[in-house]
Amino acid sequence: MLAEIKGLNEECGIFGIWGHEDAARLTYYGLHSLQHRGQEGAGIVVAGGGNLSGHKGLGLVTEVFQSGTLDALCGSAAIGHVRYSTAGGGGYENVQPLLFRSQTGAMALAHNGNLTNAIELKLVLEAQGSIFQTTSDTEVLAHLIRRSQAPTFVGQMKEALSQIEGAFAFLLLTETALYAALDPHGFRPLSLGRLGSAYVVASETCAFDVIGATYEREVAPGELLIISGEGVRSERFAPEQPRSICSMEYIYFARPDSHVDGINIHTARKNLGKRLALEAPAEADIVTGVPDSSISVAIGYAEATGIPYELGLIKNRYVGRTFIQPSQALREQGVKMKLSPVRGVVAGKRVVMVDDSIVRGTTSRRIVAMLREAGAVEVHVRISAPPITHPCFYGIDTSSKEELIAAKHTVEDIRRLIGADSLAFLSQEGLLAAIGRPEGVPQRGQCLACFTGQYPTRVSQIARPCMTVK
């Protein structure tokens, strides 16, 4: 599904490298492979010559880093960031990495996720004299570190990390080390890799592949990695809690060639399609998926049912972000500009249209209408996730509950509203079973809060009104 149109956006992607003479350029390539995780802004900070320097801007990675920009970023360590805005909103000042300078040294921060107690902490910090330069929740960690009385920087980081709540994967860079931290529940993916003698950390393993790095392991929930000239040291800043990795990483966000917590995303999505076929078969002539995340699901559905998979919808990859618009009229126009039905494939056919989710329902309604306009005689919609009935407080830009179509309508109501001949969602049991684990590996814990309303952590009441579509 088109995330920028339907309002299902993940906050960002992070990448870091330590010990490579071409750190900035490799970070650029890593961010490019993570571009699907954020298209509003990008930035890189490098450590070299005893100093931190960086460049950031609004736009895609290729737009922010024009010719010659990377040449000015000299150093053997770097962190980078691509973002969507959820908590804190957009604007240049919120583009990361955030770079801070003080008499005790400089540090840069990049963050994936959302701190559910950020507003509470900001109120306390401001009362103590802190002045915030951004509206991003990421800046809270920097203030907590600087206010810590722990005798070492690692101790200050651990004390600060133990005070924040919610979902977070952090990269922090100083002149002497690269730090990586994952929240105690492990909501977000974060992996460690090697490139020769250099160490690499990234939101997704596809970033390792593009630079030729090898995967080492996942960063564990509640773990703090300290990467320096002495190698990698692991410490804990919090006890590990029951794992609650975001289910939408498997359903929608991660790239098909990535591995998240040991599971290949393409394989997981094919399994979702096969399970969906078992739970909700349809009498049809062809199966098609809504590009891009649903293609793997549609292939799995087709294999399980024996119905041929066809390329019934084409995504126009040359439409710019002009069509990321807030109004409903422009959002629906954006669907037509982004997607085109293949008339010769769908005309006269009963079509199974496979998609990853339904948020507002407007995009699904428009796609169903386009397929009918192209001559489809029946359109059966199959969704590879349970109905989204609750907002996310952990870094996904879902709508407020009032805007979620499944929060106030039955499946039959939604079917009528989107104009489908039939509609079925994957069950929660089917979701967990399809993603699964390799044989002999204990079952992971997944966050299902957007489907169930059962949040793995405390969610501050003052944070709830802020989590709406931006």
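**Salt bridges, a buried serine and helix packing**

Lys274 is partly exposed, with a relative accessible area of 34% (partly exposed falls between buried, under 20%, and exposed, over 50%, using a 1.4 Å probe and protein chains only). The model is a predicted one, in which local features need pLDDT of at least 70 and side-chain atom pairs count only at pLDDT 80 or more, while totals for chains, interfaces and linings use all residues. Residues are numbered from 1 along each chain as its sequence is written, and side-chain values use heavy atoms, with hydrogens and water left out.

As for the overall picture, the protein has 17 helices and 23 strands (DSSP runs numbered from the N terminus: H or I of at least four residues for helices, E of at least two for strands). Of its 470 residues, 60% are buried. Looking at contacts (heavy atoms within 4.5 Å) with a separation of 6 or more, 70% come from residues 24 or more positions apart.

Next come the charged pairs. Searching the whole structure turns up 21 salt bridges (a side-chain nitrogen of Lys or Arg within 4 Å of a carboxyl oxygen of Asp or Glu). One of them brings back Lys274, whose partner is Glu303, with 3.9 Å between the closest N and O atoms. This pair ties together distant parts of the chain, since Glu303 sits in helix α10 (residues 295-305) and Lys274 in helix α9 (residues 265-279), 29 residues apart. Like Lys274, Glu303 is no buried residue: at 47% relative accessibility, Glu303 counts as partly exposed.

Another salt bridge joins Glu165 and Arg458, with the closest N and O atoms 2.9 Å apart. Here the sequence gap is 293 residues, from Glu165 in the loop between α6 (153-161) and β7 (166-173) to Arg458 in the segment after α17 (449-452). Both ends have some exposure: Glu165 is partly exposed at a relative accessible area of 27%, and Arg458 is partly exposed too, at 42%.

The Arg37 and Glu204 pair sits in another setting. Their closest N and O atoms are 2.7 Å apart, giving a salt bridge. The two come from distant parts of the chain, 167 residues apart, with Arg37 in the loop between α2 (23-33) and β2 (41-48) and Glu204 in the loop between β10 (198-202) and α7 (206-211). Arg37 and Glu204 are both buried. The pair also belongs to a wider arrangement, as Arg37, Arg188, Glu204 and Glu249 are linked in a network of salt bridges.

The α2 helix itself is worth a look. Eight of its eleven residues are buried, so α2 is largely enclosed by the rest of the structure. The buried ones in α2 are Ala23, Ala24, Leu26, Thr27, Tyr28, Gly30, Leu31 and Ser33. Covering them are elements including β1 (12-18), β2, α3 (61-64), β4 (77-83), β9 (191-195) and α7.

Ser422 offers a smaller case study. This serine lies in strand β22 (residues 422-425) and, at 17% relative accessibility, counts as buried. Its side chain makes a polar contact of 2.7 Å with the side chain of His380 (N or O atoms within 3.5 Å, where within protein one must be able to donate a hydrogen and the other to accept it, and residues adjacent in sequence count only if both atoms are side-chain atoms). The side chain of Arg382 also joins that of Ser422, through a polar contact of 3.0 Å. Leaving aside residues up to four places away in sequence, Ser422 touches Val379, His380, Val381, Arg382 and Arg415.

Two helix pairs round things off. The axes of helix α4 (residues 118-127) and helix α5 (residues 139-147) come within 10 Å and cross at roughly 45° (lines fitted to C-alpha atoms over the stretch in contact, with angles from 0 to 180 degrees between N-to-C directions). α4 and α5 are therefore oblique to each other (not under 35 degrees, roughly parallel; over 145, roughly antiparallel; or 65 to 115, roughly perpendicular). On the α4 side, Ala118, Leu121, Lys122 and Leu125 make the contact, and on the α5 side Val140, His143, Leu144 and Arg147.

Helix α9, home of Lys274, packs against helix α16 (residues 428-435) at an angle of about 140°, the axes being 8 Å apart. That makes α9 oblique to α16. From α9, Ala268, Asn271, Leu272, Arg275 and Glu279 meet Glu429, Gly430, Leu431, Ala433, Ala434 and Ile435 of α16.
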